[in-house]
Every structure is written in C-alpha cells, then in structure tokens.
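Colleague: I have a few questions about the labels used for this model. Could you take me through the reasoning behind them?

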Amino acid sequence: MINALIGFFIAILISALFTTRLYRLFLWYALNSLMLGSIAIILGFRIEDTAMVITGIITIVIKFLLIPYILKYITRKFNIDRKAPPSLSIQYSIIIVPIILVFTFYLVSPMLSSFGMNSNYVAIAISSMFLSLLLIIEQKNISARIVGFLFIENSLFLLGISAVEGMPMLIELGIFVDLMMLIIIINLLFKNEGEKA
C-alpha cells in the first residue's frame with residue numbers, strides 16, 4: 001500500500017511540473033499532501049507510533065484542506081493571474097525529469113543500504129526535492145514558486161518519516177508553525193503581486 005502511495009506522491013509532483021494553470025497546481029499540491037498524510041498514517045500504524053498517526057491526520061487537515069483553500073482565496077482576493085506556464089518547454093522537461101530521477105538514485109545508492117527496507121522511499125524523497133526545485137526554477141509566477149516551496153516541504157517531510165521512521169512530535173509541530181508563518185508571507189507576496197497587476 002505504501003509503495004502505491006509513494007508512486008502517486010512522485011507522479012503527482014511530476015504532473016505539477018507540466019501544469020499551466022495555477023488552480024490545477026494547487027490541486028496537485030493538495031493531492032500530494034493527501035498522499036503524504038496517508039503514508040504517515042499507514043507507516044505510523046505499521047511501527048505503532050501514535051505521534052506519526054496524529055501528524056498524518058494533521059497533515060491531511062492542514063495541507064490537503066486548509067492551505068490549498070487559503071491559496072485559492074488569496075489568489076481570488078488579489079486578482080492574481082491564474083496562468084502559470086513554465087518557462088521551460090515541455091520537450092526539455094520530458095528529458096530533465098528522468099535525468100533527475102536516475103541521477104538521484106545513482107547519487108544516494110551508496111548510502112541506501114543503511115536505510116534497509118525504506119531505501120527506495122529515501123531516494124524518492126530526495127528526487128522529489130530536486131523536482132520541486134525544478135518547479136521553482138521553471139516558473140515565473142510567484143504563486144507557482146510558492147507552491148514549489150510547499151512541495152519541497154512535503155519532500156522533506158517524506159524524507160524525515162522514511163529515513164528515520166518518524167520524527168519527534170515537537171519537530172513536526174514546529175514544521176506546522178512554520179507553515180502557518182509561510183501563509184502570512186504568502187499573503188503579503190500575493191498582495192504585492194496583485195498591486196503590480
């Protein structure tokens with residue numbers, strides 16, 4: 001089950017790289033967060049870690065429901081352009097994405113044996129970080145770049161729960177506080193972009 005969710009996690013991120021509409025990008029982020037929360041819940045039950053199960057539920061509530069809704073609301077409020085065409089053409093993206101995936105697996109292969117059965121999850125989490133960085137680089141729209149940063153945060157979360165099979169609850173709560181601060185910053189950036197338009 002976790003293998004399927006991890007596959008959907010990376011597939012959704014790859015789909016986001018080819019998205020040209022802002023609302024659709026918010027949808028991809030929401031689905032990516034749903035996969036992440038589901039992975040945390042299932043992994044928490046598997047290793048009998050109640051804190052991870054709670055974190056998975058909080059992840060779904062905040063990242064799947066709350067943050068995309070706030071992003072959509074702010075976009076409408078400040079009349080942000082809903083087009084988010086990537087500056088990189090699709091032909092180049094189709095070539096770059098597999099290169100990133102292969103390069104990442106090659107890069108982390110020497111240390112994968114130390115992670116045991118979660119080695120593929122670690123490789124996918126690191127690949128996701130590189131793909132999220134590509135999303136930030138290829139977008140001119142500040143709103144789409146912010147979503148790219150949110151994807152990076154999801155990738156780091158996946159890396160944390162897969163590499164060490166769970167993070168301390170205090171660190172996870174700190175991440176959620178950082179996300180709330182990020183929403184305030186997003187609000188200011190969207191307002192600034194809306195005033196320029």
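**From values to labels**

Modeller: Happy to! Under the rule used here, the count comes to 1 salt bridge. Keep in mind that this is a predicted model.

Colleague: What makes the pair Glu153 and Lys63 a salt bridge?

Modeller: The cut-off is 4 Å between a side-chain nitrogen of Lys or Arg and a carboxyl oxygen of Asp or Glu. For the side chains of Glu153 and Lys63 the N to O distance is 2.3 Å, so the pair qualifies as a salt bridge. Glu153 belongs to helix 6 and Lys63 to helix 3 (residues 50–77), so the pair ties together parts 90 residues apart in sequence.

Colleague: Why is Glu153 called buried?

Modeller: Buried means under 20% relative accessible area. Glu153 has 15% relative accessibility, so Glu153 counts as buried. Its partner Lys63 is buried too, with a relative accessible area of 0%.

Colleague: How do you know that helix 1 and helix 5 are roughly parallel?

Modeller: Helix 1 (residues 2–17) and helix 5 (residues 119–138) pack at about 15°, their axes 9 Å apart. Angles under 35 degrees count as roughly parallel, and helix 1 and helix 5 therefore earn that label. Their crossing is left-handed.

Colleague: Which residues meet there, and how do they divide by class?

Modeller: From helix 1, the residues include Ile2, Phe9 and Leu17, and from helix 5, Tyr121, Leu131 and Glu138 are among them. The contact of helix 1 with helix 5 divides into 13 nonpolar, 4 polar and 1 charged.

Colleague: What makes helix 2 roughly parallel to helix 6?

Modeller: Helix 2 (residues 22–46) and helix 6 (residues 142–163) cross at roughly 10°, and their axes come within 10 Å. With the cut-off at under 35 degrees, that makes helix 2 roughly parallel to helix 6. Among the residues that meet are Trp28, Tyr29 and Leu36 in helix 2, and Phe151, Asn154 and Phe157 in helix 6. By class, the contact of helix 2 with helix 6 has 16 nonpolar, 4 polar and no charged residues.

Colleague: Back in helix 5, is Ala125 buried or exposed?

Modeller: Ala125 has 0% relative accessibility, so Ala125 counts as buried.

Colleague: And which residues is Ala125 in contact with, beyond its neighbours within four places in sequence?

Modeller: Those are Ser155, Leu158 and Leu159. As for Ile10, its C-alpha is 8.3 Å from that of Ala125, while the two residues are 115 residues apart in sequence.

Definitions and conventions. Residues are numbered from 1 along each chain as its sequence is written. This is a predicted model: local features need pLDDT of at least 70, side-chain atom pairs count only at pLDDT 80 or more; totals for chains, interfaces and linings use all residues. Side-chain values use heavy atoms; hydrogens and water are left out. Axes are lines fitted to C-alpha atoms, for helices over the stretch in contact, and angles run from 0 to 180 degrees between N-to-C directions. Helices (H or I, at least four residues) and strands (E, at least two) are DSSP runs, numbered from the N terminus. Angles under 35 degrees count as roughly parallel, over 145 as roughly antiparallel, 65 to 115 as roughly perpendicular and the rest as oblique. A crossing is left-handed if the near helix is turned anticlockwise from the far one by less than a right angle, and right-handed if clockwise. Contact means heavy atoms within 4.5 Å. Ala, Val, Leu, Ile, Met, Phe, Trp, Tyr, Cys and Pro count as nonpolar, Asp, Glu, Lys and Arg as charged, and the others, Gly among them, as polar. Buried means under 20% relative accessible area, exposed over 50%, partly exposed in between (1.4 Å probe, protein chains only).
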